[in-house]
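I opened a fresh notebook page today and went through one small set of look-ups. Here is what I wrote down, in the order I checked things.

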Amino acid sequence: MGTDRWLTLDELAEYLKLSHSKLYRMAQGGEVPASKVASQWRFDRLEVDRWMKSQRPGADDSPSKGCDDGKGGED
């Protein structure tokens, strides 16, 4: 896979050990950080790594708990 910053759906599915269809549904639903270019999904590896770390049990990246990630209060 190399060290490309922008990953395709197939590359990210392999990286995260998820099925292609599950990752596609997550991207469509806004559950994973993604960008759509024309009709194709692209994923920023750095954003996905941060997102994965925030999914850990007990991880709390909520702005109300004092974490200022610059995203405002989007939930």
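**Entry 1: a buried aspartate.** I began with Asp44, which counts as buried because its relative accessibility is 3%, and the cut-off for buried is under 20%. I noted that this is a predicted model, so I kept an eye on confidence, which gets its own entry below. Asp44 is found in strand β3.

**Entry 2: what does Asp44 touch?** Which residues is Asp44 in contact with, leaving aside its neighbours within four places in sequence? I found Arg5 and Trp6. I looked at each of them in turn.

With Arg5, the side chain of Asp44 meets the other side chain in a salt bridge, at 2.7 Å from N to O. The pair links distant parts of the chain: Asp44 is in strand β3 and Arg5 is in the segment before β1, 39 residues apart. I reminded myself that side chains of opposite charge can pair when their charged atoms come close. How many salt bridges does the count come to? The count comes to 1 salt bridge.

Then I compared how covered the two partners are. Arg5 counts as partly exposed, because its relative accessibility is 46%, whereas Asp44 is buried at 3%.

With Trp6, I found a bridge between strands: Asp44 is the bridge partner of Trp6 in β3.

**Entry 3: Asp44 and the start of a helix.** Asp44 had another partner to note. At the start of α3, a side-chain oxygen of Asp44 comes to within 2.9 Å of the backbone nitrogen of Leu46. So far, then, my notes on Asp44 cover a salt bridge with Arg5, a strand pairing with Trp6 and a polar contact with Leu46.

**Entry 4: the sheet.** Next I zoomed out to the strands. In what order do the 3 strands of the open sheet lie? I read the order as β1-β3-β2, with antiparallel pairing. β1 and β2 stand at the edges, each with a single partner strand, so one side of each has no neighbour in the sheet. As a reminder to myself, strands of a sheet pair through backbone hydrogen bonds, either parallel or antiparallel.

I checked the pairings individually:

- β1 and β3 run antiparallel and are joined by 2 bridges.
- β2 (residues 35-37) and β3 also run antiparallel, with 3 bridges joining them.
- Ser35 has Arg42 in β3 as its bridge partner.
- Lys36 stands opposite Trp41 in β3.

**Entry 5: the helix across the sheet.** I went back to α3 and asked where it lies. α3 lies across β1 and β3, and it runs at about 70 degrees to β3. Which residues of α3 (residues 45-54) are buried? They are Arg45, Val48, Trp51 and Ser54. I followed these buried residues to their surroundings and found that they pack against β1 (6-7), α1 (9-16), α2 (20-28) and β3 (40-44).

**Entry 6: two unusual backbone angles.** Most residues other than glycine have a negative phi, and most peptide bonds are trans. I therefore stopped at two residues that have a positive phi.

Lys17 has a phi of about 60 degrees and is not a glycine. Lys17 sits in the loop between α1 and α2, and it counts as exposed because its relative accessibility is 69%.

Ala38 has a phi near 55 degrees, again in a residue other than glycine. Ala38 belongs to the hairpin of β2 and β3, which has 2 residues between the strands. Is Ala38 buried or exposed? Ala38 is exposed, because its relative accessibility is 77%.

**Entry 7: the whole chain.** I finished with the overall picture. The protein chain has 3 helices and 3 strands, and along the sequence they follow the pattern β-α-α-β-β-α. Buried residues make up 23% of its 75 residues. Among contacts between residues at least 6 apart in sequence, 41% join residues at least 24 apart.

**Entry 8: how far to trust it.** The chain averages a pLDDT of 83, and 75% of the residues score at least 70. Over residues 63-68 the pLDDT is below 50, and beyond near neighbours in sequence this stretch has 5 contacts in the model. Residues 70-75 also have a pLDDT below 50, with 2 such contacts. Where pLDDT is low, the predicted coordinates should not be read in detail.

Terms used. Residues are numbered from 1 along each chain as its sequence is written. This is a predicted model: local features need pLDDT of at least 70, side-chain atom pairs count only at pLDDT 80 or more; totals for chains, interfaces and linings use all residues. Side-chain values use heavy atoms; hydrogens and water are left out. Buried means under 20% relative accessible area, exposed over 50%, partly exposed in between (1.4 Å probe, protein chains only). Helices (H or I, at least four residues) and strands (E, at least two) are DSSP runs, numbered from the N terminus. Contact means heavy atoms within 4.5 Å. A polar contact is a pair of N or O atoms within 3.5 Å; within protein, one must be able to donate a hydrogen and the other to accept it, and residues adjacent in sequence count only if both atoms are side-chain atoms. Two strands pair if DSSP finds at least two bridges between them. Axes are lines fitted to C-alpha atoms, for helices over the stretch in contact, and angles run from 0 to 180 degrees between N-to-C directions. A salt bridge is a side-chain nitrogen of Lys or Arg within 4 Å of a carboxyl oxygen of Asp or Glu. pLDDT is the predictor's confidence in each residue, from 0 to 100.
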